[in-house]
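Student: Please take one part of this model and go through it closely. After that, set it beside the rest of the chain.

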Amino acid sequence: MGASSSTQQVSTEQREAETLAASTGALPMLQKSFSRLSNPETKAIPLTSLQECFCIAFNNAKCEAPYVPDYVLQLLDQLGPSIVDLFFVAEKGGISWVEFVRGYTKCCGRMSAAMSLGALLRVFSVTTVKVGMPSKLQFESDDADCKISGSLQPNELLVLLWMCWIMTWSSRISKFSNGKLNLDLPDINNLVLSAIVSCTEVGSDLNLWDCDITRLEVQLPAGKIHTWALNTVPNLADCFVHFVHVKLQNTATSESEMEASSSSVSDVSSAKSCDAHLLTCGRAWAISLSPRSTIGQEILRVCFPRDGEGSEESLLYRSSLHGKGLNRFWSNIEGYHGPMLMLISASSGNSEGSTNSRRWIIGALTQQGFENKDMFYGNSGNLYAISPVFHSFSPSGKEKNFVYSHLHPTGRAYEPHPKPAGIAFGGTIGNERIFIDEDFARVTVRHHAVDKTYQPGSLIPDQGFLPVEARVLDVEVWGLGGRTAREVQISFQKREQLFTEQRRKVDLKTFASWDDSPEKMMMDVMSDPNRVNREDR
């Protein structure tokens, strides 16, 4: 199996292959997986066994998008054979231990993001050919870092992204379920439009607000798609890496361990639980592909809840549910100390219900909770254009005006120059890149020239240089700090509620006499307002 005894001489090839696999920390898992998949007589894995290991089983498929190409689901049947043909070299009796370890390293070894993305594109190209769809992608050689040429049409890019989504879906649920589950394909047109805008010269005749990407006759060059993916969705290739790793890991896991894991899952069969919110599964997945940190895994919990947690557990505030306004917002998010994702849905146009009205969604990711300050604060964050086109704007490193959230305190004396009350991201006070007023009625989006904190780019299609004022439709805030941050907030809210109830109670026994009671003072003021009180002498 590769775990040779001390009396056996290990070949140089085997030692090199095991060293590369050990650098990823997966060597013990590969040894268990090989022992379960291999034939004891031939000491090799049958080709069909490894192909079945990478298959994706599901009951039926549903999709948010109005159009799904027929060959999308056919790709899943050929995905396993394509991965084995590309990365695992079969010998006479099957796939030996050395070739098994080498194949894993080709898929999941330490490599650059560009090389991982190239491997993903190669898998997509080979798989589409297997289902009878000619591929326009061309690879100069079999090397992992070879040059890729050719192009993809928008509908082909949509299928590629759906294949990556299915890999993510399978990786997340296969750890907890042994049976077939329902497959839900999300609406990810915003990602395809993002690639179209980035890879082609978009003309004025292209309506991004109402665009049918299946009818677009444009070619997206492979080189530009490669660049777009590395800049906009750098975690896209990780979908393939995690898929291969999890599939092999499952073969190394005993049935009792699988049953114990599956028993802790509340409902992983459907990814539609959050689609009634602004943060749909497709939007959450797109956001999870952009940050180069572990925060992406927390965002994916919205799509794939586990450990008894539903998507509602992470939803801290929703204006349509909890009420609009900064006060309502504050009462729901106060005490939460962890990363947060805020989404704003707005409509810009002539009037409500107008044919010229355009709806869009933008978002902001903060690395800490909101604070009531009259100045900018924070140490990191991201801005997002989410719908109709997806873009991510990370920190530029020039300034640190990440978040502004100011709530006017009650009982404060007159201020000649009060700071604006509301929530803002980027820019400066009075000239913010995104600003939501304290009533959550209007949102203002300014040109990126006013902001040096986040990277430049348009948050709204056809934004222009002038500020865009829009009517707020809905606001959502999702907590991404996990169960611990949520429990700390709940404890904080319970203490605040207890203190509030105690302050409301007035015990008359604490007053020495009738003359010191608040009722006596109120009666004196009402009877003789001009009477000189003891405190005023």
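**A strand and its two hairpins**

Tutor: Strand 13 and strand 14 (residues 442–445) are paired in the antiparallel sense, with 3 bridges between them. The model is predicted, and what follows should be read on that footing. Within this pairing, Phe 435 stands opposite Thr 444 of strand 14. The two strands form a hairpin with 4 residues between them, and there Phe 440 takes a positive phi near 55°.

Strand 13 also pairs with strand 12 (residues 422–428), again antiparallel, and here the bridges number 6. Phe 425 is the residue that stands opposite Ile 434 of strand 13 in this pairing. Strand 12 and strand 13 form a hairpin too, with 2 residues between the strands, and in it Gly 430 has a positive phi near 90°. In general, the strands of a sheet pair through backbone hydrogen bonds, in a parallel or an antiparallel arrangement. Strand 13 itself covers residues 431–437, and 6 of its 7 residues are buried, so the strand counts as mostly covered.

Positive phi values also turn up in loops. Asp 462 has a phi near 55°, a positive value in a residue other than glycine. The loop that holds Asp 462 runs between strand 14 and strand 15 (468–479). Asp 462 has a relative accessible area of 66%, so it is exposed. Lys 43 is another non-glycine residue with positive phi, of about 55°. Lys 43 belongs to the loop between helix 2 (27–37) and helix 3 (47–53). With a relative accessibility of 62%, Lys 43 is counted as exposed.

A further backbone feature is the peptide bond from Ser 387 to Pro 388, which is cis, with omega near 10°. Pro 388 is in the loop between strand 9 (381–387) and strand 10 (391–393).

Elsewhere in the chain, an open sheet of 3 strands has the order 2-3-5 and antiparallel pairing. Strand 2 (137–139) and strand 5 (220–221) are at the edges with a single partner strand each, so each has one side without a neighbour in the sheet. Strand 3 (residues 148–152) is joined to strand 5 by 2 bridges in the antiparallel sense. In that pair, Ser 151 stands opposite Pro 221 of strand 5. Helix 9 (residues 222–232) packs on this sheet and touches strand 2, strand 3 and strand 5, with a direction at about 90° to that of strand 3.

The loop between helix 9 and helix 10 contains Pro 234. Pro 234 has a relative accessibility of 10%, and therefore counts as buried. The C-alpha atoms of Pro 234 and Ala 114 are 9.0 Å apart, although 120 residues separate the two along the chain.

Helix 10 follows, covering residues 238–252. At 1.5 Å a residue, its 15 residues should span 21 Å, and the end C-alpha atoms are 21 Å apart, so the two values agree. Helix 10 is mostly covered, with 11 of its 15 residues buried. The buried set includes Cys 239, Phe 240, Val 241, Phe 243 and Val 244, and also Lys 247 and Asn 250. An α-helix has 3.6 residues a turn, so residues three or four places apart point the same way.

As for internal space, a search of the whole structure gives 5 cavities of 30 Å³ or more. The largest cavity holds about 60 Å³ of space. Among the residues that line the largest cavity are Tyr 71, Phe 124, Met 133, Lys 136, Leu 152 and Glu 156.

For the chain as a whole, the secondary structure comes to 17 helices and 15 strands. Of the 537 residues in the protein chain, 50% are buried. Among contacts with a separation of 6 or more, 70% are between residues 24 or more positions apart.

Technical notes: Residues are numbered from 1 along each chain as its sequence is written. This is a predicted model: local features need pLDDT of at least 70, side-chain atom pairs count only at pLDDT 80 or more; totals for chains, interfaces and linings use all residues. Side-chain values use heavy atoms; hydrogens and water are left out. Two strands pair if DSSP finds at least two bridges between them. Contact means heavy atoms within 4.5 Å. Axes are lines fitted to C-alpha atoms, for helices over the stretch in contact, and angles run from 0 to 180 degrees between N-to-C directions. The expected span of a helix is 1.5 Å times one less than its number of residues. Buried means under 20% relative accessible area, exposed over 50%, partly exposed in between (1.4 Å probe, protein chains only). On a 1 Å grid over the protein atoms alone, a cavity is a set of points where a 1.4 Å probe fits but cannot get out, and a pocket is an open set with protein on both sides within 12 Å along at least five of seven lines; lining residues have an atom within 4 Å of a point. Grid points are joined across faces, edges and corners, and a volume is the space filled by probe spheres set on the points.
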